[in-house]
Amino acid sequence: MRRTPRREESGVAVVDFVLVAAVLVPLVLGLIQLGLVLHVRNTLTSAASEGARVAAAYDRGPVDAEARVRSRLSGVLGGDLGTSISVSPTTVAGAQAWSVEVSATVPPLGIGSVGIPVSGNARAIEEVLP
């Protein structure tokens with residue numbers, strides 16, 4: 001019986017690791033970035049919705065709405081997303097309403113990428129006395 005000579009296989013695990021890591025690391029970073037963007041978008045929309053309801057309340061106005069949105073965002077997202085808030089009167093189906101738009105830039109996770117602009121908006125019909 002003839003024996004075949006054994007080939008030297010040292011160092012193969014390192015090459016395999018590098019090849020797999022080159023694919024998996026960007027994939028995992030992309031999934032984390034997607035989760036972060038969705039979290040920020042949902043938080044902005046929730047804050048805009050609450051701000052619109054505050055602006056539409058009988059004894060409140062746009063200043064109160066902006067303050068509510070800022071307090072909601074500072075408690076959840078911190079203050080370093082470059083958030084801008086716009087509260088303006090509008091009309092919904094012929095009724096007076098308030099519109100709140102909130103936008104921010106989500107910071108990048110990868111190297112050399114740019115921030116992702118995200119926004120949320122909401123409207124609420126203004127309360128009137130009967």
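Is Asp59 buried or exposed? Select Asp59 to begin the tour: at 60% relative accessibility, Asp59 counts as exposed. Keep in mind as you click along that this is a predicted model.

**The whole chain**

Zoom out and colour by secondary structure. The protein chain holds two helices and three strands, and from the N terminus on they follow the order α-α-β-β-β. Now switch on the surface. It comes to about 9,200 Å², and carbon and sulfur atoms own 59% of that area. Of the 130 residues in the chain, 25% are buried. Among contacts with a separation of 6 or more, 54% join residues that are 24 or more positions apart.

**Back to Asp59 and its partner**

Return to Asp59 and add Arg60. These two form a salt bridge, with 4.0 Å between the closest N and O atoms. Arg60 is partly exposed, at 43% relative accessibility. Side chains of opposite charge can pair when their charged atoms come close. The count for this model is four salt bridges, so there are others to visit.

**Along helix H2**

Next, select Glu66 and Arg70. Both sit in helix H2, four residues apart, or about one turn of the helix. Their salt bridge has its closest N and O atoms 3.2 Å apart. Arg70 counts as partly exposed at 41% relative accessibility, and Glu66 is partly exposed too, with 30%.

**Between the two helices**

Which residue forms a salt bridge with Glu50? Show Arg72 to find out: the closest N and O atoms of Glu50 and Arg72 are 3.0 Å apart. This pair links distant parts of the chain, since Glu50 belongs to helix H1 and Arg72 to helix H2, with 22 residues from one to the other. Glu50 is buried because its relative accessible area, 16%, is under the 20% cut-off. Arg72, at 34%, counts as partly exposed. Add Arg68 to the selection as well: Glu50, Arg68 and Arg72 are linked in a network of salt bridges.

**Into the core**

Hide the surface and select Val40, Leu44, Val69, Leu73, Leu77, Val100 and Val102. Within the largest nonpolar core, which has 22 residues, these touch the most other members. Helix H1 (12–56), helix H2 (62–76), strand E2 (95–106) and strand E3 (116–125) each supply at least two of the core's residues. H1 gives the largest share, eight residues.

Stay with Val100 for a moment and show what surrounds it. Beyond its neighbours within four places in sequence, Val100 is in contact with Ala48, Gly51, Ala52, Val69, Ser86, Val87, Gly120, Asn121 and Ala122.

**A stop at Ser99**

Where is Ser99 found? Look in strand E2. Ser99 counts as buried, at 11% relative accessibility. Leaving out residues up to four places away in sequence, Ser99 touches Ser86, Val87, Ser88, Thr90, Ala122 and Arg123.

**Last stop: a nonpolar patch**

Bring the surface back and select Val20, Leu24, Leu27, Leu31, Leu34 and Leu38. Together they make a nonpolar surface patch of about 540 Å². Pick out Leu24, whose place is in helix H1. Leu24 is partly exposed, with a relative accessible area of 43%.

Notes: Residues are numbered from 1 along each chain as its sequence is written. This is a predicted model: local features need pLDDT of at least 70, side-chain atom pairs count only at pLDDT 80 or more; totals for chains, interfaces and linings use all residues. Side-chain values use heavy atoms; hydrogens and water are left out. A nonpolar core is a set of buried Ala, Val, Leu, Ile, Met, Phe, Trp, Tyr and Cys residues joined through side-chain atoms within 4.5 Å. Buried means under 20% relative accessible area, exposed over 50%, partly exposed in between (1.4 Å probe, protein chains only). Contact means heavy atoms within 4.5 Å. Patches are made of residues with over 30% relative accessible area and no salt bridge: like charges are joined within 9 Å, nonpolar side chains (Val, Leu, Ile, Met, Phe, Trp, Tyr) within 5 Å. Accessible areas come from the Shrake-Rupley method with a 1.4 Å probe; for residues, only the protein chains shown count as cover. A salt bridge is a side-chain nitrogen of Lys or Arg within 4 Å of a carboxyl oxygen of Asp or Glu.
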